Every structure is written in structure tokens, then in C-alpha cells.
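These are my notes from a reading of one structure. I set down what I looked up, entry by entry.

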Amino acid sequence: MASTRSEPAVALRASRSALFGRSDIRGGDLRAALSDLYDGWLDELLASGRGAESRAEVALVAVGGLGRREPAPYGDLDLVLVHAGAPGLPERAKSLWYPIWDSGLGLDHSVRTIPDVRAVAERDAKAALGLLDARHIAGAKWLSEALRATAFEVWRAKAHKHIPALAEAAGVRQRTSGELAFLLEPDVKESLGGIRDCLVLHALAAAQLVDEPGEAVRTARTLLLDVRGELHRVSGRCVDRLLLQEQTAVAQAVGAADDDDLLRSVAAAGRTIRFASETAWRTVDAELSRRVRWRSRRRLDRRPLADGIVECGGEVMLARAAEPAWDTGLLLRAAASAAAARLPISPYTLRRFEREAPDLPVPWPDSLRDWFIRLLGAGPATVPVIEALDQHGLMSRLLPGWEEVRSRPQRNPVHRFTVDRHLVECAVEASALSRRVSRPDLLVLAALLHDIGKGQPGDHSESGATIAAAVGTRIGLPPQDVDVLSTVVRHHLLLPHTATRRDPDDPATIETVVAAVGGSREVLDLLHALCLADARATGPAAWSDWKATLVAGLVDRVGAVLSGVSPPDPPVLPEPARLAARLDRPTLTALSWPSEPPRRQEAARAAGAGSPAAGVVFDSAGELLVVAPDAPGLLSRVSGLLAVHGLDVVTATVTTERGNAVNVFRVAARFGRMPDLDVVRADFAALVEGRFPLAARLAAAEQAYPAPIDTDARVLWFDGQSSDATVLEVRTADSVGLLHRLTTTLERCQLDVRSARISTLGGSVVDAFSVRSAAGGLVSDPALRHTVEEALLAAVEGGLRDG
């Protein structure tokens, strides 16, 4: 019996393997071929399973992917065996299901009568949704047609009951699978904007609440189906999350230029589907409200918002006499009015703008620029309005360079959004800081344009400054404002990079910033506000209280110079440091250290009833003072000790007092929990006495958390950015013990490290060192620099090379 059952399974496996091995069949052709293969095989199974004892008619119906003729290579089969009360159904069902299981395919199956179908569709929204894809495979076609007719009849009658369940399911998917357009590893099926949303759109259309999705959605859906199919083939299993390790092969299979091109196409498709989905749900709400109003005979009022723009039924639309083709300001008035009123622009109005809106005159009149600034300054409501304009191709017509950043992915995981969405979010954050600056209009413009150069070759800050100047001229800014806008975009990373990588107490650091801002307090304030907005729009991992303090301190020092006031003197050593140096005794003490955090459950209760524990912020940073006899290798050994205890060094300042090295380390817990300070002290004492097995402990830590393979490590030298030292930076992927390896290398190259500042962003790190030569001077010899560079690159890879 088992042998007989396995023969069809063996045949199907062989046919599928042959089909999947054909590189000339992809995309829709692959789905059609796989559908034909399954249809024929299931038809034979149903025919071979008929027994003489059961003459009543049955039908085999496919739902789900096979019902839509778009099965994924390793997806499940969803089948319904429909009957009209036939005897012997259990045996007939077994003759169908067992060969499918034997073939290795997943199977979701049921046996129903038509009344059963009606009952299930009435009570279960998910089952009712799936039945809308019903397609006849084999047997009595009239039963398949009856099932399909019943499914649509019930869906239309019960849509009002099932729609809340669909909306709730979308919320669950957003929490569990995220939004497809903004994920580096999106789930092409379940993420918002994925294939599942297309099915919901079809269901809403089947309920006669919205129109069927348009060509843009169909094209986006086809792309996601193609990507999903090749993802299955590449991985050899049923997986819908586009993991990083699969992206290169999938990109080649679907004809994308590279991984980024693939992810950009997927993001654009997800945004198209997501926008259509949001529009459809809004239409559903309006339609259901309209039916209530119709029963109560209530009229919709039209409320004027601006010249030619009205609000009606919760949407912004054109007044009856408005003509987009003749009124060049109508588009921006509509967009700014929608954002100010926190309302969407109606789909019909957007389509009219797409078809009829003329190109704006260059330069823009002041009135057009004012409406554009109003749009950017409207706060969070700006985001959906600009997204609507973008989905209809209107943003690319307004701004040069926009198309190049549209849906462009950002591989650094600290970024929450694609480049274009990040720019819009930054403008929103900047609008909340408008009172900090004298020119809020230039602030929101700079926020919208600060990363516009990421779509161009070369340094995106330089490319962006060029584009910003072109945009400023295009929108009619006076030349002096164009210069300010270009300067702010060019130097938008100046403050965070300088504050976290340079010594703010060094006069050379201050002079560098003063020169970059052109001696302008206005530019300095704009850069400071843009720095804050950029960080907030990037994501929580991009900012911290420590970074905010460093940037604010730098701005205060530069501002003092710009005002003609001498900057404050560098801070003197704290009293514990001077006392430890006078005692001439090795010391490790905490200048600041977090108290032991409460247990997570207790913290959650302290935050308030029902609050998640994740909402409680635990302090995971501190400041350590280390005093020991001044000797080569102290900095590298202490940084290694801190790495062993799971501490990342954020800054390290090295001074000398009475023959002792006085090092102040600001540290952060790599894994979220600070170590026991007494244990660190004991290990430090052992380290000074030569009893601590540093190499073995570091090797164990590095083995537990191996360094990523990074082929793009860089060593850069900066002259003139410190008064008495040379600054060098090592830019690479972060890893356990990296600072120890780098400082050991510098010491072996006989360089004196005066300070170290570490800037981490996601998995990348920039370690900036102020160093002196063995003779106490600047490091300017090209041969020595080359030797140091080679040694540092070797250290990044995990080895140490003698200088």
C-alpha cells in the first residue's frame, strides 16, 4: 500500500526537480509551469482514487497560491475536496492526501460540502479570504463553481463583519514583520507592503468597496512574486524573508544589477503596495460611512482650505473651478494645505496633478517657495503628503536629484528608512527645532537635502552641496541663501564627527569648525539643529545623551570664539586623579558608574501598569579613572581588560602627572549590562602585577564573538587638526578587542597615543587617535605612515605586526 502511494510522489519529485533546474524558466513562466504540473498530477490522483462504492460526484478545488496560479516553488498546497454527501469520502481523501505528503509538499486540506463552505466563510475571516481564490482542478466542475459563487456571495454579504479582522491582522503583521520598504531583510510575503497586502486589496475589491488594484500595484506584485520564487529556488526551501546571504543570487536570478538594485526595487514595490493599501482602507472607511450617511440622508460639506483647494469627506481635493493645467501654484497649495489640515489628498486629485500639472517656472516665484516651506514645516503630517506626491511621480518633478535617492536602501542597520524617506523624516524633525535658529526655512530645506548626494558618485556631502545649490537656485532663493544652504549640506556631518573624533579642548579643533562655518553663527546654529534632526530621523542607535553633550560642548566653544569670547579652559584633572597620582599607587576607580538596575519585571512595574519592560531605560555607561606608572603598553592593556569585561571604550584621554599615566575612559556596556566594578578592580590589580592572563581571556572573548570579515578597512591621516599631535583614523567594522589591537600596534610602532575617541554607528566604528612620534613631534614621515598603516590593517584583521 505504501509502495503504491509513493509512486505518484516519486514522479512529482522528479518533475519538480527537472523544472527547478531549468534556468530558462523564471518568474511568471515558472509559476505557470508549476501550476500546470500540479494541476495534471492532482487530476490523475483524483481519477485513480475513485472507488466503485462511491458514485457521487466530488471536486478538487485549489485555494491560496495554486488557486491563483502563482505557487511558490517550495510553498504549501491549499486544497478543498468538495462533495455533495458522497459515501466513502475518508478513503477517497486519503488517496489524495497521502501521495502529497509522500512527495514532501506541505498540505493544508479540508473536506467540505457547500453548506460547510458557507458556514466557514461566515464565521472565519481568514478562511473566507482564502476561498476567494478558489479554482477548479479536477472532478465535478459544477461543485467548484458552486463553491466559488458561495464564497463571493458570503464575502460580499459579510464584508462589514470580516473587515475589522483583516485590519487587525495587518496591525499584527506590522508588529511582527515590519514594513517591507524599510527593512534590509524584508519578508516579501508578510511584511506590510508585501504579497499579503495584495490579497487583501483583491478581497476589498471583491466586496465591491474599492476598485481592483491598478497597473502599478500589479507590476509591484509581480516583482515580489518573482523575488519570492527565486528566493525559494536559491535557498531550496520555503522561506519568504530575503536574507542578506541570499540577495546576491536572487538579484542575479531576477536580472537586478546587484544587491542594492534588488533591495531598491523591492522597497519601491513595497511602497507602491503599501500606499495603495492605505488608500484602499481609507476608501473603505469612507464608503462604509457614506452608506450610513445615505441612510440618514446627510450631505457632505465642502470646506475651503486655500485658493482652489477644499476639504470634502475627509480628503483634500480641487474646487470645482480649479484647473491644474493653468494654475502653477495649485499643486503646492494642495500639498501644504493637506499637511496643515492633517488630511490626505484625494486619489482623483493626485491623478489630475499627475496628468495636468505643468512644470514650475524657474526660478520659482516667492509664493510657490513659501507654500513648499509650509509643506516641509507642517510636522509629522508632511510624511504621508510627500509620499502621496512621490507615488504619483511629482516629487521628482519638483526636486532635481530626487529620483536618484528614491527607495535607495541604506545598508547600515542604524538607519530606519530608505534615503528619500529619511530626508522627509529629517525635515519633520527639523521643523520641531525651528525656534532654535534664525532661518527655519533654510533649516527644513537643508534637512530635506542633506543626503541628496547619496544617489551620486563620490562623497555624498560634496555631491549633495552641489545639488542643494541647484535646488536653491531653482526655487528662487537669493544667492547668499543658496550659499548658506550649500554650506550646511556640505558640512552636515561636521559637528557629530568633530565632537566624537577630535579633542574639543584643542584650539586647532575649534579653528577647523570656525573656518568650515565661515565665521557665521547662523550657519553654526543651522548645523547644530540639523545634526539633532538627522540623528532623530536616523534612529535611536544613532544618538545618545553622551553624543548630544559632546556636540553641545563643541558648539558652545565655537560659539564663544565667533562671539569674540575666549573658550573655556580645558578641564583640570578631577581631584581623585590628582590624589591617586600623588599617592603613587596604581588605581582604577569610577568617576561615574550606574547603580545596579532593578530586575526587568520590577522595572516594568515601576514604569507603570501595562508598560513593557523594554520601555525602561537602563544606564549602561560610566567613566573610569586609571592611574598607573607611565610605561609603554598601558593604554592597550587596559583597553584589552575592559574588552574582556564587555566594555567598549567611547573616549580615552591620556595625561601625565608626577610620573604616572592618568587615563580617563568613558565606557559603555557592549551587551547592555555593566560588569561588577569590584571584579574589574581586582583584575586591574592583577594586570598591573602581571598576573592577569590578558591574551588568553581576550582570545576567548574574540572566539565567542568573532570579528566580521571587513575588506574595506581604511586608515586616514589628518594634518593640522591638533595643535601638538597628528590625528589618524581607523575606519572598519567593530569587533571585540579592536581598540586593544590598534593601540598595541601603535605602541609597537613607537607612537605615543595622547587621546583616543571612538565613534560607533551600527556595526561600523571610527577610532580616532591623536599621536606623536617617538621624538615627541608630529608624524609626518611618509615611510613611517606607510608602516603604521600596514600594521593597523593587519591588526584589524586580527593579527599584530611589529613596527
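**Entry 1: Confidence**

I began with the confidence of the model, which is a predicted one. I found that the protein averages a pLDDT of 87, and that 89% of the residues score at least 70. I then looked up the extremes among the elements: helix 21 (residues 479-490) has the highest mean pLDDT, 98, and helix 27 (residues 600-607) the lowest, 38.

I also noted stretches of low confidence. Over residues 51-55 the pLDDT stays under 50, and the model has 5 contacts beyond four places in sequence for them. Over residues 597-619 the pLDDT likewise stays under 50, and here the model has 16 such contacts.

**Entry 2: The sheet of strands 1 to 4**

I turned to an open sheet formed by 4 strands in the order 3-2-1-4, with mixed pairing. Its edge strands are strand 3 (107-112) and strand 4 (135-139), each of which pairs on one side only. Neighbouring strands of this sheet are turned against each other by 25° on average, direction ignored.

I next examined the pair made by strand 2 (residues 77-83) and strand 3: they run parallel and are joined by 6 bridges. Within this pair, I recorded that Val82 stands opposite Arg112 in strand 3.

Which helices lie across strands of this sheet? I found that helix 2 lies across strand 1 (58-63), strand 2 and strand 4, and runs at about 35° to strand 4. Helix 5 (residues 114-123) lies across strand 2 and strand 3, running at about 120° to strand 3.

**Entry 3: Asp39**

I looked up Asp39, which lies in helix 2 (residues 27-48). Is Asp39 buried or exposed? Its relative accessible area is 15%, which is under the 20% limit, so Asp39 is buried. Its neighbours within four places in sequence left aside, Asp39 is in contact with Leu66, Arg69, Arg135 and Ile137.

**Entry 4: The sheet of strands 5 to 7**

I then went to an open sheet of 3 strands, which has the order 5-6-7 and antiparallel pairing. Strand 5 (302-306) and strand 7 (315-318) are its edge strands, each pairing on one side only. The average turn between neighbouring strands of this sheet is 40°, direction ignored.

Strand 5 and strand 6 (residues 309-312) run antiparallel and are joined by 4 bridges. I traced one residue across: Ala306 has Ile309 in strand 6 as its bridge partner. Helix 12 (residues 330-341) packs on the sheet and touches strand 5, strand 6 and strand 7; the direction of helix 12 makes about 40° with that of strand 6.

**Entry 5: Backbone exceptions**

I kept a general point in mind for this entry: most residues other than glycine have a negative phi, and most peptide bonds are trans. I searched for departures and recorded these.

- Arg342 is not a glycine, yet has a positive phi of about 55°. I placed Arg342 in the loop between helix 12 and helix 13. Arg342 is exposed, with a relative accessible area of 61%.
- Ser407 also has a positive phi, near 60°. I placed Ser407 in the loop between helix 17 (402-405) and helix 18 (419-431). Ser407 counts as buried, at 1% relative accessibility.
- The peptide bond from Val362 to Pro363 is cis, with omega near -5°. I placed Pro363 in the loop between helix 13 (347-356) and helix 14 (366-376).

**Entry 6: Helix 28 and helix 29**

At what angle do helix 28 and helix 29 pack? I found that helix 28 (residues 634-644) and helix 29 (residues 677-688) pack at about 145°, and that their axes are 11 Å apart. Their crossing is right-handed.

I listed the residues of the contact: Arg637, Val638 and Leu641 come from helix 28, and Val680, Asp683, Phe684 and Leu687 from helix 29. These residues divide into 5 nonpolar, 2 charged and no polar.

**Entry 7: Strand 15**

I closed with strand 15 (residues 764-772). Of its 9 residues, 8 are buried, so strand 15 is largely enclosed by the rest of the structure. Strand 13 (residues 726-733) runs antiparallel to strand 15, and 8 bridges join the two. Among the residues of this pairing, Val727 has Ser770 in strand 15 as its bridge partner.

Definitions and conventions
Residues numbered from 1 in each chain as written. Predicted model: local features only at pLDDT ≥ 70, side-chain atom pairs only at ≥ 80, totals over all residues. Heavy atoms only, no water. Buried < 20%, exposed > 50% of the residue type's maximum accessible area, 1.4 Å probe, protein only. Contact = heavy atoms within 4.5 Å. Pairing = 2+ DSSP bridges. Axes fitted to C-alpha atoms, helices over the stretch in contact; angles between N-to-C directions. Left-handed = near helix turned anticlockwise from the far one by under 90°. Nonpolar A, V, L, I, M, F, W, Y, C, P; charged D, E, K, R; others polar. pLDDT = per-residue confidence, 0-100.
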